[in-house]
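Subject: Structure handover

Hello,

Here is the structure I promised to pass on. Please open it first, then read my notes below.

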Amino acid sequence: MATLGDIGVSALINILTSFAFLLAFALLRIQPINDRVYFPKWYIAGKRTSPRGRGGVVGKFVNLDIKTYFTFLNWMPQALKMSEADIISHAGLDSAVFLRIYTLGLKIFGPIAIAALLILIPVNVSDGILFFLRRELVVNDIDKLSISNVRPKSYKFFVHISMEYLFTFWVCFMLYKEYGRVASMRLNFLASQGRRAEQFTVLVRNVPNVSGRSISDSVETFFQKNHPDHYLCHQAVYNANKFAKLVRRRNRLQNWLDYNQLKFERHPHKRPTRKRGFLGLWGKRVDSIDFYKDQIKYIDKKLTMERQEILKDPKSIMPVAFVSFNSRWGAAVCAQTQQSKNPTQWLTQWAPEPRDVYWKNLAIPFVSLTVRKFVISSLVFALIFFYMIPIAFVQSLANLEGLEKVAPFLRPLIEWNFVKSFLQGFLPGLALKIFLYYLPRILLFMSKIEGYLSLSVLDRRAATKYYYFMLVNVFLGSIVTGTAFQQLHAFLHESAAQIPRNIGVSIPMKATFFITYIMVDGWAGIAGEILRLKALVIFHLKNMFVVKTERDLAKAMDPGGVEFPETLPTLQLYFLLGIVYMVVTPIVLPFVLVFFALAYFVYRHQIINVYNQQYESAAAFWPHVHGRIIAALLISQLLLMGLLSTKKAANSTPLLVVLPVLTLVFHKYCKNRFEPAFRKYPLEEAMSKDLQDRTPESDRELKAYLADAYLHPIFHSFEEVDLVEVKVDKSPARDASSSPSELSSPSPQHTDTQADEDEVEPTHNVQHYETGEPPHTLYQYHYEVDSGYNMYRYDDAEPHYQYYHY
């Protein structure tokens with residue numbers, strides 16, 4: 001078991017590592033060559049330009065301003081300057097609430113740590129029962145600071161019970177305040193937003209198949225009948241996986257074409273060439289620009305044919321649709337009510353924001369979702385079970401002394417004090433960190449297979465799986481396997497009646513392992529987060545070998561967002577460790593506090609300068625955070641009851657029975673009081689927001705705004721392709737009060753444009769309707785095999801409608 005000296009060695013290693021990472025970051029961030037790695041968010045926002053154009057050739061790569069090296073730590077106060085309101089406008093509510101989790105940890109554990117260190121540790125040290133058990137059990141100085149050091153039947157256990165009550169009430173008080181604050185922030189954030197597509201749109205699943213009627217017609221008929229005053233239009237969902245592969249292939253070819261054209265512009269006297277064979281390795285040498293233009297033209301033909309096949313095939317339309325309404329109130333009513341007497345059909349939910357949609361899973365049949373979830377749940381259970389093997393191996397490293405008692409032949413390998421301190425104080429935490437490295441990606445992949453429809457939900461489900469894994473394997477698994485290794489000698493040489501006592505004593509002793517893990521993951525790991533060493537290396541490798549165009553540079557620079565599937569469960573693990581050990585082994589608390597303070601500082605900087613969130617869920621993850629802190633309280637209370645029972649404190653143990661009940665009552669109250677703000681949208685708020693936006697022109701503008709908000713990617717894919725010759729539909733304007741059926745989403749059906757075919761005249765790329773009423777069908781595709789696809793789109797910048805033909 002790790003001794004106080006081992007913990008000191010681990011602390012020294014991790015403090016030096018953290019300082020080295022922070023110093024390296026402070027120096028690397030001021031180098032012009034690394035500017036896009038450490039400030040990508042500002043480049044994406046267009047508010048920063050590269051400093052590599054100054055200072056000559058050397059100045060493009062190295063900072064030659066000596067003064068900046070004396071102020072290289074100015075990033076620290078800069079990270080604290082931006083207010084929370086500015087962070088919300090700059091990075092979104094998700095990022096701001098994510099930072100509040102760290103401040104919540106500081107608010108909870110700061111006062112608890114002071115009280116526990118001043119009251120509980122003197123109480124634990126005063127008895128010294130472990131001094132008499134040192135020949136039977138593996139103990140050290142840190143264990144003498146824990147509850148294990150209090151002798152059985154001691155009246156001092158009433159101090160621990162009182163502190164458990166006091167700490168629980170403090171945690172619940174802070175949770176209540178924070179839940180109310182976050183709920184208020186969410187409602188204010190939603191109310192302050194302007195018109196957004198997801199406010200008016202509902203996702204409908206499991207649309208029944210009616211004989212002789214397409215899915216699109218069924219959706220239109222159903223909502224016209226059941227929501228006649230509010231239904232506006234809908235967008236069909238297509239199964240277009242093959243089409244998506246062709247689009248990705250076309251994008252790669254376009255990138256090579258852009259690169260060769262830029263190359264030719266720099267050296268106009270020499271046209272670039274390549275070989276026709278695989279990867280340009282063999283074959284006849286040809287002009288590169290002409291080669292890629294021919295390849296793109298060929299892919300465009302395949303794309304056109306594939307899209308036509310998708311539109312003509314009724315089976316390609318999935319029983320899913322995005323249905324839009326003319327008011328937030330209408331959308332709220334539809335999203336939050338049962339639509340059919342058959343509860344398995346016409347299932348409605350709020351549509352995620354357009355950039356949050358995970359389009360691949362929309363094509364999954366509804367029937368297969370239950371099977372997928374059952375299979376993935378079984379695989380997650382198996383993964384958690386089999387991961388016990390490496391966890392047990394890690395614990396064997398953490399308990400070398402326990403192994404020595406059973407296997408004396410290992411003693412020569414660990415005779416050196418420094419080696420022993422390194423193996424027990426640093427290596428176990430590092431080994432566990434390595435074993436967990438790829439796990440979040442595996443769990444996110446599993447969540448995608450389950451069939452969730454938005455990226456935010458995928459992240460939350462993956463985070464849930466990872467949390468259960470951390471709870472079972474990292475926390476409970478470390479305790480169980482650690483106890484088995486650590487007290488193996490006592491288990492083998494004592495009567496069965498003594499085993500419960502040894503387990504009760506040994507559980508708080510695992511605090512030494514968790515202290516080493518906190519230092520490796522929570523200190524050095526967080527310092528490594530701000531250094532972004534992996535991102536730095538990958539960016540420069542891509543810049544040397546992959547980046548050919550500005551598009552490549554933007555992809556290489558893209559930092560993504562905060563990895564919620566990994567960071568949220570890790571945060572919840574630290575809450576669990578702090579709450580469980582706040583009474584059992586209070587010496588853990590200072591290490592947890594250092595983590596929360598350092599992580600808050602680092603992630604504040606990263607959110608301001610680095611991360612660019614892919615979606616905005618308006619803090620939808622907060623109920624999960626609250627629920628898992630409550631779970632940590634319950635685990636703490638049950639664990640303390642178990643410990644007191646092994647200490648023969650039967651008279652004091654019943655006093656703790658009331659505490660889990662009170663905790664569950666508090667959780668139920670918070671769930672009823674605050675969680676609806678995260679699950680539903682109040683009709684009162686919806687109506688108030690609708691009345692604020694109501695203008696004579698609002699309905700017409702809303703139709704144009706929602707027309708292509710949830711347009712399937714198969715229609716967006718041609719936006720970068722040059723528009724071909726346009727035909728202008730000169731059909732007369734219709735009355736704006738026409739039936740909503742004329743506003744339905746694209747469907748593979750002929751429209752009535754053929755009657756005006758003689759009036760169609762070819763023009764250039766775009767034709768504007770400058771005067772008069774625009775066509776009533778503001779967004780409708782006209783399916784014609786020869787002439788292509790026609791589309792109306794409203795241009796907010798100018799008072800006219802644009803008409804496109806693909």
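Strand β1 is covered on both faces. On one side T201, L203 and R205 are buried. On the other side V202 and V204 are buried too. Side chains in a regular strand alternate between the two faces of the sheet. β1 spans residues 201-205, and five of its five residues are buried. Keep in mind that this is a predicted model.

What lies beside β1? Two strands pair with it, and each pairing is antiparallel.

- β5 (residues 317-325) is joined to β1 by four bridges. Here V204 has A321 as its bridge partner.
- β6 (residues 347-350) is also joined to β1 by four bridges. V202 stands opposite W350, and L203 stands opposite Q349.

Now the whole sheet. In what order do its four strands run? The order is β2-β5-β1-β6, in an open sheet with antiparallel pairing. β2 (231-238) and β6 are the edge strands, and each of them pairs on one side only. From one strand to the next, the twist averages 30 degrees.

Next, the nonpolar cores. The largest one has 137 residues. Which of them touch the most other members? They are F98 and Y581. Another core lies apart from the largest one and has 33 residues. Among its members are V207, I299, A321 and C334. You have met A321 already, as the partner of V204 in β5.

Last, a pocket. The second largest pocket has a volume of about 1,200 Å³. Its lining consists of 37 residues. Which of them lie nearest the centre? They are Q349, W350, V457, R460 and F678. Two of these names come up in the sheet as well: Q349 stands opposite L203, and W350 stands opposite V202.

Several elements each supply at least two residues of that pocket's lining:

- strand β6
- helix α10 (157-192)
- helix α16 (366-386)
- helix α22 (455-486)
- helix α32 (676-679)

By class, the lining of this pocket has 15 nonpolar, nine polar and 13 charged residues.

To follow this on screen, start at β1, with its two covered faces. Then step across to β6, an edge strand of the sheet. From β6, go on to the second largest pocket, where this strand supplies at least two lining residues.

Best wishes

Key: Residues numbered from 1 in each chain as written. Predicted model: local features only at pLDDT ≥ 70, side-chain atom pairs only at ≥ 80, totals over all residues. Heavy atoms only, no water. Core = buried A, V, L, I, M, F, W, Y, C linked by side-chain atoms within 4.5 Å. Buried < 20%, exposed > 50% of the residue type's maximum accessible area, 1.4 Å probe, protein only. Pairing = 2+ DSSP bridges. Axes fitted to C-alpha atoms, helices over the stretch in contact; angles between N-to-C directions. 1 Å grid on protein atoms, 1.4 Å probe; cavity = no way out; pocket = protein on both sides within 12 Å on 5 of 7 lines; lining within 4 Å. Points joined across faces, edges and corners; volume = space filled by probe spheres on them. Nonpolar A, V, L, I, M, F, W, Y, C, P; charged D, E, K, R; others polar.
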